[in-house]
Amino acid sequence: MNSINLGLKIKKFRTDQNLSLKELAEKIKSTSALLSQIEKGTTNPSINTLKNLSIALDIPLYKFFIEETLKKVHIVRAQDRKIITPSKGEGVSYEILSPEPQTDVEFMILNLSPYSSSKEKEIGHEGQEVAFILEGEVKLNLENESYVLFQGDSIKIEKFVKHSWENFTSNSSKIIFAVTI
């Protein structure tokens, strides 16, 4: 197991919240000099200091010890993609393109076999959705409207708009989409 650079993690969490060394030091009732040494890795924080940092940054203590939080790049190899097949969605599958842990955007491919639909009824969700028709042609059903989209078309669907995707043709369709979370 690789060693975990606590100082670098603390600095990342602090800067993500736009806090200066002095502001965070005041929150944990410490000095900015000590906090600077911790962030540079010249000294290690005590358990008490880590607990205080956890509270001040509103971050669970365990997050300081997870290696993945410092990765700058997350790769999902094609052969390692998770595939979800809804129980009632015959001919429907979702390929998860987003890496774990989930980010602010979920990225997927929706595969629709001929004459299949993503949902029996339209549903909405909290995030915005941007979709690109990679293959085939599909019908996007939106509340009281429908749009036929062809290969190469793209569309943005606002938050909470109820919708479903339908392949009404004898050819397979692929839709690549991103949803904000």
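Trainee: At 48% relative accessibility, what does D16 count as?
Mentor: This is a predicted model, in which local features need pLDDT of at least 70 and side-chain atom pairs count only at pLDDT 80 or more, while totals for chains, interfaces and linings use all residues. Residues are numbered from 1 along each chain as its sequence is written, and side-chain values use heavy atoms, leaving out hydrogens and water. Buried means under 20% relative accessible area and exposed over 50%, with partly exposed in between (1.4 Å probe, protein chains only). At 48%, D16 therefore counts as partly exposed.

Trainee: Which residue meets D16 in a salt bridge?
Mentor: A salt bridge requires a side-chain nitrogen of Lys or Arg within 4 Å of a carboxyl oxygen of Asp or Glu. In helix 1 (helices being DSSP runs of H or I, at least four residues, and strands runs of E, at least two, numbered from the N terminus), the two partners are four residues apart and so separated by about one helical turn. With an N to O distance of 2.6 Å, the partner of D16 is K12.

Trainee: Which residues do salt bridges that share partners join into one network?
Mentor: R81 forms a salt bridge with E95, the closest N and O atoms being 2.6 Å apart. K174 also forms a salt bridge with E95, at 3.7 Å between the closest N and O atoms; this pair links strand 9 to strand 2, 79 residues apart. Because these bridges share a partner, the network consists of R81, E95 and K174.

Trainee: Which strands stand at the edges of the open sheet?
Mentor: The sheet has six strands in the order 1-2-3-9-4-7, with antiparallel pairing, where two strands pair if DSSP finds at least two bridges between them. Each edge strand has a single partner, so one of its sides is left without a neighbour in the sheet. The edges are strand 1 (82–84) and strand 7.

Trainee: Which residue of strand 9 stands opposite L110?
Mentor: Strand 3 (105–112) is among the elements that give two or more residues to the largest nonpolar core, a nonpolar core being a set of buried Ala, Val, Leu, Ile, Met, Phe, Trp, Tyr and Cys residues joined through side-chain atoms within 4.5 Å. Of its 18 residues, L110, W165, I175 and F177 touch the most other members. Strand 3 is joined to strand 9 by eight bridges, and the two run antiparallel. Opposite L110 in strand 9 stands I175.
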